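The following exercises are to be worked with the sequence and the model at hand. Each task is followed by a solution in steps.

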Amino acid sequence: MDRPRVALFVTCLVDTLFPDVGRATVAILERLGCEVAFPTEQTCCGQAHINTGYHRDAVKLVRAFVTTFEGFDAVVAPSGSCVGAIRHQHAMIAAKAGDPALADRARAVASRTFELSEYLVDQLGVFDVGAAYPHTVTYHPTCHSLRVLAVGDKPLTLLRNVRGLTLVELPQADQCCGFGGTFAMKNPDTSVAMLTDKMTDIISTGAEMCAASDSSCLMHIGGGLSRLRAGIRTVHLAEILAATQGDAP
Amino acid sequence: MTDHERPPSPIHASVGVGMLSGSRTFPEAARVALADPQLRRNLGSATATIRDKRAKVVAELSDWAQLRDAGGAIKSATMSALDEHLLRLEQRVTAAGGVVHWASDANEANEIVTRLVRETGHREVVKVKSMATQEIGLNEALA
């Protein structure tokens, strides 16, 4: 049987600031029998550009994404945010620029682009990825994955099947952490006030780690927790699922 | 200038009208408001209360999201056919003995209401809270 040919869409934040998340994603997929490629010509998905109104400029990024990834069976990204943008914005940007052919290609690639938990549960049909991570973890469902991708409880299901992991429910979990990408730049005070509420809830769980499917939110939450010297670390879902000997990052 | 040559009201409420826009940008105003502990506690409490109520009601129906979409679709369709609906409303209200006034902008609407109030001979008005009247600045016009 042919192994699925999967491409890793690493995303800007992971590529520049959290490369271990990318490595962890590859490790999980390969452990589950995928042939994983990393096309080096990939670029940003363009979400920040699109959300800031640079729709014409973003066409180049849509074209680059489509050209880079349309040859693969599936594209997997450790980011609900970027996958959400690809699914909801790419075809629209191409159509708006008057390029219906690109819009069709964008739609086709987007239909094969998945956030990690989606790919594992829906495409590979796997709940137990053979991970071991003996820590108390609370999970924050990030806005894009929760509301745009509607991943539901896929990440929690995957975490519940990790050996040794104690999952503690996060109170008011569906409240936004306040990052929101460009929102944090334009409304820093409100963003941090929202973060304070999120951190209060995280700390109340008594968990050692706060996990999520998006490095953007984890960066925001982790930055806040470190300033508080709260003693709680942030960890990406991929890093937990990649761990097999309980080796925490 | 005749009434019809007068420039229409601006689309956005001017500063001081209907308390809809202030002199500071949102981020500036937010920085000040966020430093007020009482305000944060009050807002936090009110928000938590509303969310809890909403969560309870939403939990009653498994298809609430589809219902919300359906409701949204009805609103959109109605808004697109507002011209038909308003004319029919006028017919029905008139047939029932009421009077319908048409205003092309905020200024005209405020003038009509002010005139109607003056015609009663009274100087005090009781009105309900209404976003539409805030947007046209009716309170300021009547004052």
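**Exercise 1.** Identify the bridge partner of A:Tyr139 in E7(A), and describe the sheet to which the strands belong.

*Solution.* Step 1. The model is a predicted one; in it, A:Tyr139 has A:Ala211 as its bridge partner in E7(A).

Step 2. Strand E5 of chain A covers residues 136-139. Three bridges link E5 to E7(A), and the pairing is parallel.

Step 3. In chain A, the strand order E6-E5-E7-E8 describes an open sheet of four strands with parallel pairing. The edges are held by strand E6 (166-168) and strand E8 (233-236) of chain A; each has a single partner strand, so one side of each is left without a neighbour in the sheet. From one strand to the next, the twist averages 35°.

**Exercise 2.** Determine where A:Ser213 lies, whether A:Ser213 is buried or exposed, and which residues A:Ser213 touches.

*Solution.* Step 1. Strand E7 (209-212) is followed by a loop leading to helix H12 (215-227) of chain A, and A:Ser213 lies in that loop.

Step 2. The relative accessible area of A:Ser213 is 1%. Buried means under 20%, so A:Ser213 is classed as buried.

Step 3. Leaving aside residues up to four places away in sequence, A:Ser213 touches A:Pro78, A:Ser79, A:Gly80, A:Glu115, A:Tyr139, A:Thr142, A:Pro155, A:His236 and A:Leu237.

Step 4. With A:Tyr139, the side chain of A:Ser213 makes a polar contact of 2.7 Å. A:Tyr139 is also the residue whose bridge partner in E7(A) is A:Ala211.

**Exercise 3.** Decide how far helix H7 (residues 116-123) of chain A is enclosed, and state what A:Gly125 does just after H7(A).

*Solution.* Step 1. The buried residues of H7(A) are A:Leu116, A:Ser117, A:Glu118, A:Tyr119, A:Leu120 and A:Val121.

Step 2. Six of the eight residues of this helix are therefore buried, and H7 of chain A is largely enclosed by the rest of the structure.

Step 3. A:Gly125, just after H7(A), adopts a positive phi of about 65°.

**Exercise 4.** Summarise the make-up of chain B: how many helices and strands does chain B have, and what share of its residues is buried?

*Solution.* Step 1. Seven helices and zero strands are found in chain B. Read from the N terminus on, its elements run α-α-α-α-α-α-α.

Step 2. Of the 143 residues in chain B, 12% are buried.

Step 3. Among contacts in chain B with a separation of 6 or more, 48% involve residues 24 or more positions apart.

**Exercise 5.** Characterise the interface between chain B and chain A by its area, its salt bridge and the elements of chain B that take part.

*Solution.* Step 1. Seven residues from chain B and seven residues from chain A make the contact. The area buried between the two chains is about 590 Å², with carbon and sulfur atoms giving 48% of it. On the side of chain B, B:Leu34, B:Arg40 and B:Arg51 lose the most area to chain A, and together they account for 52% of what that side buries.

Step 2. One salt bridge is found across the interface of chain B and chain A. A:Asp189 forms a salt bridge with B:Arg31, their closest N and O atoms lying 3.0 Å apart. Two residue pairs are in polar contact between chain B and chain A.

Step 3. Helix H1 (26-34) and helix H2 (37-58) of chain B are the elements that give two or more residues to the side touching chain A. H1(B) gives the most, with five residues.

Definitions and conventions. Residues are numbered from 1 along each chain as its sequence is written. Chains are lettered from A and ligands numbered from 1 in the order in which they are written. This is a predicted model: local features need pLDDT of at least 70, side-chain atom pairs count only at pLDDT 80 or more; totals for chains, interfaces and linings use all residues. Side-chain values use heavy atoms; hydrogens and water are left out. Buried means under 20% relative accessible area, exposed over 50%, partly exposed in between (1.4 Å probe, protein chains only). A polar contact is a pair of N or O atoms within 3.5 Å; within protein, one must be able to donate a hydrogen and the other to accept it, and residues adjacent in sequence count only if both atoms are side-chain atoms. Contact means heavy atoms within 4.5 Å. Two strands pair if DSSP finds at least two bridges between them. Axes are lines fitted to C-alpha atoms, for helices over the stretch in contact, and angles run from 0 to 180 degrees between N-to-C directions. Buried area is the accessible area (1.4 Å probe) that two parts lose on being put together, summed over both. A salt bridge is a side-chain nitrogen of Lys or Arg within 4 Å of a carboxyl oxygen of Asp or Glu.
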